[in-house]
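Notebook open. Today I'm looking up aromatic ring pairs, and where their partners sit.

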Amino acid sequence: MALKITRPQGTEDITPKNISKWYTVETIARETAQSFGFREIRVPTFESTDLFLRSVGETTDVVQKEMYTVKAKETEFTLRPEGTAGTIRALLQNGMLNDALPQKVFYILSCFRHERPQAGRLREFHQFGLEMAGSASPAADAEVISLAKNLLDRLGLKNIALNINSIGCPKCRSEYHKALRSYFADREDELCDTCKTRLEKNPMRILDCKSPVCGDIAKDAPVILDYLCEECSDHFETLKKYLENLSIEYSVNPKIVRGLDYYTKTVFEFVTTDIGAQGTVCGGGRYDGLIEQLGGPATPALGFGMGLERLLLTMESQGCAFMTPKSCDLYIAPMEDAAADKAMLLAQSLRLSGYQAEYDIMNRGLKAQMKYANKIGAKFVLVLGGNELECGCAKLKLMETGEQFEIHLDDRFAEEFEDLAIQYLFQDILDEFEEE
Ligand code: ATP
Ligand code: MG
């Protein structure tokens with residue numbers, strides 16, 4: 001029978017077959033963030049639409065074309081298209097900016113954007129991201145960039161280029177906007193409709209337009225780096241020095257403006273050419289005006305978002321290692337009803353010690369049970385029949401070598417199993433990061 005209902009376009013199921021890849025990235029992302037003193041935060045999946053209008057910006061593609069806005073009863077909400085706005089809202093609402101600064105939080109969450117689905121571009125995708133609030137120093141920029149770089153390195157990724165730029169502060173930008181308006185004025189008619197309105201409201205947005213025509217017109221546009229005020233220029237130079245100190249290679253790309261309006265000063269991207277056109281695995285920057293704009297105290301801040309689907313695609317294409325999935329430590333095959341009762345208890349005692357234990361709940365014969373044990377990759381198998389129950393001990397078989405070990409079926413069971421597991425399965429933990 002054909003399945004009538006399928007998942008929405010641009011979404012993906014993450015099945016158990018792939019879950020250990022996600023665990024790998026999530027585990028190392030958490031560890032890396034914690035090694036820099038970041039703490040995890042979890043925020044709602046939807047927020048009031050206004051939050052995104054006021055932060056992401058009304059002239060951005062995200063707000064103009066990509067938001068999932070839902071009306072429930074009389075109130076309007078939007079599924080978060082990114083993590084920064086909700087996180088900053090949460091820092092403010094929970095009074096966290098009154099605590100010792102800097103506040104450093106990270107998150108792993110899904111985002112929703114109504115875009116044309118393609119490889120590396122989904123309508124529901126996942127991000128590892130973080131925000132640091134309270135430091136205006138370029139040392140904070142270096143810290144955040146080096147955290148992203150550490151993570152990419154720890155995942156075993158190669159050839160991911162770091163591009164940085166400074167898009168200045170409102171002070172330098174007002175001069176720059178004038179220069180852009182006069183540059184685009186001549187060819188205003190050729191710009192796409194969205195960009196025509198951007199020309200007056202926010203001309204820098206035109207540089208981020210995905211239309212090839214606008215891209216072509218923007219090719220020789222003035223670059224912001226030539227318009228930076230002294231403070232922004234010093235900030236950028238010091239950041240470059242710090243990156244050199246940390247031996248983090250980078251290129252200055254004066255064309256990066258990023259797709260969200262809240263950025264100021266430093267913006268950066270980590271880009272790969274290994275997964276086709278959607279190669280930006282991480283994007284971020286400083287947003288010194290955002291917290292005040294959302295009604296908080298003027299507080300400099302910065303962060304990044306890393307697309308986990310793109311990260312995994314790159315890891316796969318580069319043959320990076322993933323954690324081995326946990327599999328069955330012991331499969332118990334009872335051959336009669338009395339043995340089934342015992343199997344239940346033995347499995348229970350191992351599970352309480354954290355082992356993965358299973359026994360037959362399908363009423364299968366011994367041959368079919370052994371086939372199943374093989375299929376689930378059971379490391380030890382215990383066959384329980386009348387003889388074993390009578391003498392109170394059984395043979396535990398190590399599947400990899402066929403070796404057999406005598407084990408007691410009474411109170412000693414869990415402890416004796418543990419001794420054997422440490423001796424014969426410990427290698428597994430050491431091999432945790434070996435390739436699948
Ligand atoms: P792009 O230019 O590729 O559209 P963006 O500028 O919209 O990216 P950000 O808003 O900075 O991206 O989001 C941070 C990261 O989230 C991106 O670098 C990317 O890795 C990931 N990302 C963004 N949009 C999507 C999407 N639709 N599907 C999958 N990953 C995405
Ligand atoms: Mg985008």
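**Aromatic pairs**

I began with Tyr424, which is partly exposed, its relative accessible area being 28%. That fits the range between the 20% cut-off for buried and the 50% one for exposed. A reminder to myself: this is a predicted model.

Next I looked up how many aromatic pairs there are in the whole structure. My search came back with 15.

I picked out Tyr176 and Tyr227. Their ring centres are 5.4 Å apart and the planes make an angle of 50 degrees, so I put the pair down as tilted. That follows because tilted covers what is neither under 30 degrees (stacked) nor over 60 (edge-to-face). Where do the two rings sit? Tyr176 is in helix H6 (residues 170-185), while Tyr227 is in the loop between helix H8 (212-217) and helix H9 (230-245). The pair therefore ties together parts 51 residues apart in sequence.

Are these two buried or exposed? Tyr176 counts as buried, at 1% relative accessibility. Tyr227 is partly exposed, with a relative accessible area of 29%.

Then back to Tyr424, which forms a tilted aromatic pair with Phe405: I noted 4.9 Å centre to centre and 45 degrees between the planes. Phe405 belongs to strand S16 (residues 404-408) and Tyr424 to helix H15 (residues 413-430), so this pair ties together parts 19 residues apart in sequence. I also checked Phe405 for burial: it is buried, with a relative accessible area of 14%.

Last entry: which residues do ring pairs link into a cluster? I wrote down Tyr355, Phe380, Phe405, Phe413, Phe417 and Tyr424.

Conventions
Residues are numbered from 1 along each chain as its sequence is written. Chains are lettered from A and ligands numbered from 1 in the order in which they are written. This is a predicted model: local features need pLDDT of at least 70, side-chain atom pairs count only at pLDDT 80 or more; totals for chains, interfaces and linings use all residues. Side-chain values use heavy atoms; hydrogens and water are left out. Rings of Phe, Tyr and Trp (its six-membered ring) pair if their centres lie within 6.5 Å; planes under 30 degrees apart count as stacked, over 60 as edge-to-face and the rest as tilted. Helices (H or I, at least four residues) and strands (E, at least two) are DSSP runs, numbered from the N terminus. Buried means under 20% relative accessible area, exposed over 50%, partly exposed in between (1.4 Å probe, protein chains only).
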